[in-house]
Amino acid sequence: AYEKRLLHIKGKRNVRVSQVETSSKSLNRGDVFVLDCGLKIFQWNGEKSSRTERAKALEVVRQIRDEERGGRATIVVIEDGKDNDSEFFQELGGKGTIKEATDDDAEYEKKKGTALKLYRVSDASGSLKIEEIASGVLKKEMLDSNDAFIVDTSQQLFVWIGKKATKEEKNGAWTLAQKFIADKGYPAWTPCTRIVEGGETAIFIQQFGSWPKPEASSNFTKTSNIAKVAKKDVDVSKLHLQEKPERQKVVDDGSGKLEVWRVENFDKVPVEKSKHGQFYQGDSYVLLYTYNDKQGKENYIIYYWQGLDSSQDEKGASALLATALDDQYGGAPVQVRVVQNKEPDHFLNLFKGKFIIHKGGRASGFKNSEQKDEYDTDGISLFHVRGTSPLNTKATQVEEKASSLNSNDCFVLVTPKVTYAWYGKYATGDERTVAKSVADTLTVPSKVETVFEGSEKEDFWAALGGRGEYATKQAESAPEFEPRLFQCSNASGNFDVEEIFDFTQEDLISDDIMLLDAWTEIFLWIGNGSNADEKKAALETAIKYLQNSPGDRNPDNTPILTVKQGFEPPLFTCHFIWDAEKAKSGIDNYEELKKQLSAGGGAVTSAQKELAKFSATYPYEVLLKRPLPEGVNPATLENHLDAGDFKKAFNMGPEEFNALPKWKKEAKKKEAKLF
């Protein structure tokens with residue numbers, strides 16, 4: 001879920017933080033480096049680094065942990081030459097020769113100070129303009145909510161979007177930042193990060209000489225010396241009223257001229273016309289679409305599509321190549337970045353129902369990369385066909401197993417001898433039409449056979465490794481109801497629920513809990529990194545959400561089911577284009593998988609049953625053992641004692657215990673070893 005990055009901390013007084021290439025060749029023994037791996041953050045202190053640099057690095061890692069990871073990340077500090085650094089270098093991709101201390105900190109600071117620049121992007125004058133407004137030491141006061149800004153560190157670019165910035169300013173700032181990379185000769189991997197006002201990251205804040213600390217939130221109250229979060233209930237009625245954002249307008253019917261290039265070794269390689277619409281999820285592409293508007297004027301759209309498994313350098317190169325193409329046409333085209341599985345309608349319209357995503361792709365263009373070309377070479381591949389019309393339906397390659405099938409959709413199974421267009425019994429007519437079209441496109445030189453669910457021959461099942469269970473239940477729903485996905489998280493310190501529109505498997509965040517409303521059932525997907533407080537709040541919210549649901553749904557006639565990450569049943573996965581390999585990556589290793597299975601992982605249970613765990617009671621002896629049963633709060637063990645054992649532990653009943661002053665309660669809990 002998190003993109004790995006390496007930060008360089010260097011300087012004498014105004015210590016600078018910049019992102020560098022994630023490789024051991026970026027290291028030197030005179031500075032400090034922070035390797036951010038998501039839920040584990042390494043601080044590597046070079047042998048000759050200064051105390052100031054080390055202190056600054058600690059400030060950075062703490063900010064990343066607390067403000068970007070909700071306090072969940074683990075921090076590992078490594079002293080060069082003293083501590084075990086094997087895991088650090090393993091995450092970095094290997095240990096090479098580490099340079100000695102490079103240039104003097106004061107000189108570096110001076111050089112970087114002149115390189116750091118702030119640009120304002122504004123259309124207040126009637127046309128979009130960019131101007132440099134500061135260099136060297138930057139201050140927060142220089143930013144204006146009405147405009148967009150570019151912070152150029154010479155090693156990284158930030159695009160800061162003010163809350164009141166116009167759409168033109170937002171898009172223009174991003175395009176100009178991408179143009180900087182090409183015009184200033186920066187490396188292709190130079191990071192370009194979009195920052196929204198109010199959501200500034202630790203590394204962005206470090207570019208400013210002064211950045212006032214945020215005022216205490218109104219959601220926090222102070223008792224003694226510890227700030228506590230004041231509980232704020234989620235208004236579930238608003239979740240049912242929330243409207244979907246307006247879709248991108250379709251400029252034409254997609255019948256204009258289309259040119260497609262694949263990014264290979266930082267260059268554009270043309271894709272032959274017969275292969276237009278066939279993309280690999282390990283690659284990035286640049287597309288130029290030319291059309292005439294109603295006045296007959298020629299217009300252009302440049303799409304750059306980035307596959308989920310495309311390397312970072314390919315994604316960066318696709319943006320640079322799109323900008324270079326834009327320059328060729330004098331800045332006339334509109335640039336649109338497209339991420340796999342989030343394709344806008346007009347983009348899909350260009351391929352007339354023949355948009356196909358294959359697994360695999362070309363290797364990274366970096367010479368030192370160990371990545372290799374990956375393609376499906378066994379001659380057998382399975383594609384999931386899904387959509388609501390011939391123009392927005394697409395086919396995505398999935399695992400070649402019976403469990404990938406779903407009675408509500410169509411699939412195309414390609415084998416060396418024959419290609420099968422498999423029609424689920426509840427699939428729409430449009431999906432069947434597109435499935436046959438996709439099968440014809442992929443069939444070279446084998447023939448196409450249409451197969452209706454239930455009439456499969458043994459050859460069909462043999463290609464999938466044998467018969468197996470899959471989702472066969474009809475996806476019933478209310479009129480015009482589409483499944484909805486909500487993210488439930490307390491990372492901000494307050495429990496929040498936010499809807500994810502046009503959701504995909506990649507939107508399932510391991511650190512949180514996701515609520516999937518499929519109308520006939522509601523799922524709570526429990527991420528491996530979620531905490532007990534989130535789980536309890538999500539379970540309570542799901543029940544309230546259902547009680548406030550329009551129509552006749554209620555907790556008695558609509559089940560609320562919990563699903564653990566890595567153990568998703570077909571009843572859940574049928575609502576996604578599901579990649580089983582990616583799902584397995586949520587379980588780190590064999591021992592972790594064994595542990596979860598032993599603990600009952602994989603069982604789909606009701607929300608009511610899961611919620612009951614948080615108020616369950618146990619014998620005294622059980623609460624003395626570790627680990628505690630799921631749902632037991634270690635801070636209030638007395639609330640989980642069986643009634644008969646309460647007097648045994650405290651020599652008094654619950655009412656008498658609760659009447660005691662706090663200090664006496666704590667003393668009693670320590671005596672009973674329930675503290």
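Okay, let's get going with salt bridges: this structure holds 32 of them. By salt bridge I mean a side-chain nitrogen of Lys or Arg within 4 Å of a carboxyl oxygen of Asp or Glu. Before I go on, this is a predicted model, so local features need pLDDT of at least 70 and side-chain atom pairs count only at pLDDT 80 or more, while totals for chains, interfaces and linings use all residues. Also, residues are numbered from 1 along each chain as its sequence is written, and side-chain values use heavy atoms, with hydrogens and water left out.

Now a few pairs. Take K40 and E87, whose side chains meet in a salt bridge at 3.0 Å, N to O. That one links distant parts of the chain: K40 sits in strand β4 (residues 40-45) and E87 in helix α2 (residues 86-92), 47 residues apart. The helices (H or I, at least four residues) and strands (E, at least two) are DSSP runs, numbered from the N terminus.

Are those two buried or exposed? Neither, really: K40 counts as partly exposed because its relative accessibility is 27%, and E87 is partly exposed too, at 35%. The cut-offs are under 20% relative accessible area for buried and over 50% for exposed, with partly exposed in between, using a 1.4 Å probe and protein chains only.

Next up, R120 and E131. Their closest N and O atoms are 3.9 Å apart, and they form a salt bridge. Here we go from strand β6 (residues 117-122), which has R120, to strand β7 (residues 129-135), which has E131; the two are 11 residues apart, and the pair links distant parts of the chain. E131 has 45% relative accessibility, so E131 counts as partly exposed.

Further along there's K648 with E621, a salt bridge with the closest N and O atoms 2.6 Å apart. This pair also links distant parts of the chain, helix α17 (residues 643-650) for K648 and helix α16 (residues 620-623) for E621, with their positions 27 residues apart. E621 comes out as partly exposed because its relative accessible area is 38%. And there's a network: R29, K48, D80 and E100 are joined into one by salt bridges that share partners.

Zooming out to the whole protein chain, we have 19 helices and 32 strands. Of its 675 residues, 48% are buried. What about contacts, meaning heavy atoms within 4.5 Å? Among those with a separation of 6 or more, 63% are between residues 24 or more positions apart.

Conventions:
Contact = heavy atoms within 4.5 Å.
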